[in-house]
Amino acid sequence: MMTNKKEILETIDRIYKQRRYNAELSKERKIIELYAKSKEFADICDKIKLAGLRMSKASLMHNKEQIAKYSKILDTLISKRTKLLIEMGYPSDYLEPDYVCKACQDTGFVVSDDKVEICKCRTQLLIELLYEQSKLKDILKDHNFDNFNLNYYSKEVDLKEGLSPYKNMHKIVEEAKKFVKNFDKPNQKNLLFYGPTGLGKTFLAHCIAKEIIDKGKTVIFLDSISFFEILKDKYSKMLRLYDEVSDEEYKSLEEVDLLIIDDLGNEGKNAEFCHGVFQSLLDKRFLRGKKMVITTNYSLDGLVTVYSQFIMGRLQEYFMFLHLFGEDVRVIKAKLQLEKRTSEIS
């Protein structure tokens, strides 16, 4: 996750300020171009400016009669200018500022029915900056399906599980690839990887993240502590009846194409009070067809002791549970490296 919330929000504000400046600058350049081409156009624009100034003065004086008069003059002049633009071979909206986002006019917020809402473009920008500032970009250079080595998993059958860790992991990798392939299909379930540490759960989540990003989708990857910090903040704002417009981080969790929560359960008991927000987020993402991947070191019985039956019910409905078992891959790698060094010395 980002290291400095204030810094990233300031960056977003600067981006929108620059976008608005660019749009207005582009409009001014077009006007200068047309001034040089047509004296009639220049005369109309000068009259529009004069009428605008007089209407502003009338507004300050609260002179309703004058306001109505100059408003009508402005409408007529603007209509004449639009007609002249078309006659000159330009589209009718040629002088409209070239905003990157027409919906919010590059402010990041949309006003409708006296309500201010975060524009989707602002949420998208936040998601992109979160990804840029995270370590995920560098991690995915190595953590991908091409580098996933099944040879670290034993081919001996686990008597308790009824199959070998190798065969089990092979099936799980296939499910992960299927998840990527069917990512946009509504019937594709989310994935929950569970099992002891060191078996590749986070590595698999990284592999999926890379494939989804390569598809041009957005991804947020959070450890459970960072994830629940956002939920706590949301819960606090709900209690204080804060305006939704300030919930940018939480909004990004609702909107991102793929949300990955790593090491679920590691957030501890102090996050129990916002489990309701977690449940609500699960429901919202499911209803919108937004996908999730979760990893946890807990067994299924262990998860039941941490989360309510309502959350467990949602997880069982929305997710495919994939159990990883076997020897810690990190221990195996360490053994192999030690054996290699020993053989080199001898």
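This is a stop-by-stop tour of selected residues and helix contacts in a predicted model. Residues are numbered from 1 along each chain as its sequence is written. Because the model is predicted, local features need pLDDT of at least 70 and side-chain atom pairs count only at pLDDT 80 or more, while totals for chains, interfaces and linings use all residues; side-chain values use heavy atoms, without hydrogens and water.

**Stop 1: Lys-30**

Select Lys-30 in helix H1, residues 5-37. Helices (H or I, at least four residues) and strands (E, at least two) are DSSP runs, numbered from the N terminus. Lys-30 is buried, at a relative accessible area of 13%. Buried means under 20% relative accessible area, exposed over 50%, and partly exposed in between, with a 1.4 Å probe and protein chains only. Now show its contacts, meaning heavy atoms within 4.5 Å. Leaving out residues up to four places away in sequence, Lys-30 touches Tyr-94, Leu-95, Glu-96 and Asp-98.

**Stop 2: His-62**

Move to the loop between helix H2 (39-60) and helix H3 (64-87), where His-62 lies. His-62 is not a glycine, yet has a positive phi of about 55°. Its relative accessible area is 69%, so His-62 is exposed.

**Stop 3: the cysteines**

Select Cys-101 and Cys-119. How many disulfides does the structure hold? Zero. A disulfide is a pair of cysteine sulfur atoms within 2.5 Å. The cysteine sulfur closest to that of Cys-101 belongs to Cys-119, and at 3.7 Å it is too far for a bond. Cys-104 is in no disulfide either; the sulfur of Cys-121, its nearest, is 3.6 Å away. Check burial next. Cys-101 is buried, with a relative accessible area of 13%, and Cys-104 is buried at 5%.

**Stop 4: Ile-225**

Ile-225 sits in helix H8. It is partly exposed, with a relative accessible area of 42%. Add Asn-266 to the selection. The two are 41 residues apart in sequence, but 6.7 Å apart in space, C-alpha to C-alpha. Ile-225 touches both Asn-266 and Glu-267, not counting residues up to four places away in sequence.

**Stop 5: H8 against H9**

Select helix H8 (residues 224-239) and helix H9 (residues 248-255); their axes come within 9 Å and cross at roughly 120°. Axes are lines fitted to C-alpha atoms, for helices over the stretch in contact, and angles run from 0 to 180 degrees between N-to-C directions. H8 and H9 are therefore oblique to each other. Angles under 35 degrees count as roughly parallel, over 145 as roughly antiparallel, 65 to 115 as roughly perpendicular and the rest as oblique. Show the contact as sticks: Phe-227, Ile-230, Leu-231 and Lys-234 from H8, with Glu-249, Tyr-250 and Leu-253 from H9.

Stay on H9. Six of its eight residues are buried. They are Glu-248, Glu-249, Tyr-250, Ser-252, Leu-253 and Glu-254.

**Stop 6: H9 against H10**

Add helix H10 (residues 275-287), whose axis comes within 9 Å of that of H9 and crosses it at roughly 40°. This pair, H9 and H10, is therefore oblique. On the H9 side, select Tyr-250, Leu-253, Glu-254 and Glu-255; they meet Val-277, Ser-280, Leu-281, Lys-284 and Arg-285 in H10.

**Stop 7: Asp-263**

Finish in the loop between strand E5 (258-262) and H10, and select Asp-263. Its phi is positive, near 65°, in a residue other than glycine. Asp-263 counts as partly exposed, at 22% relative accessibility.
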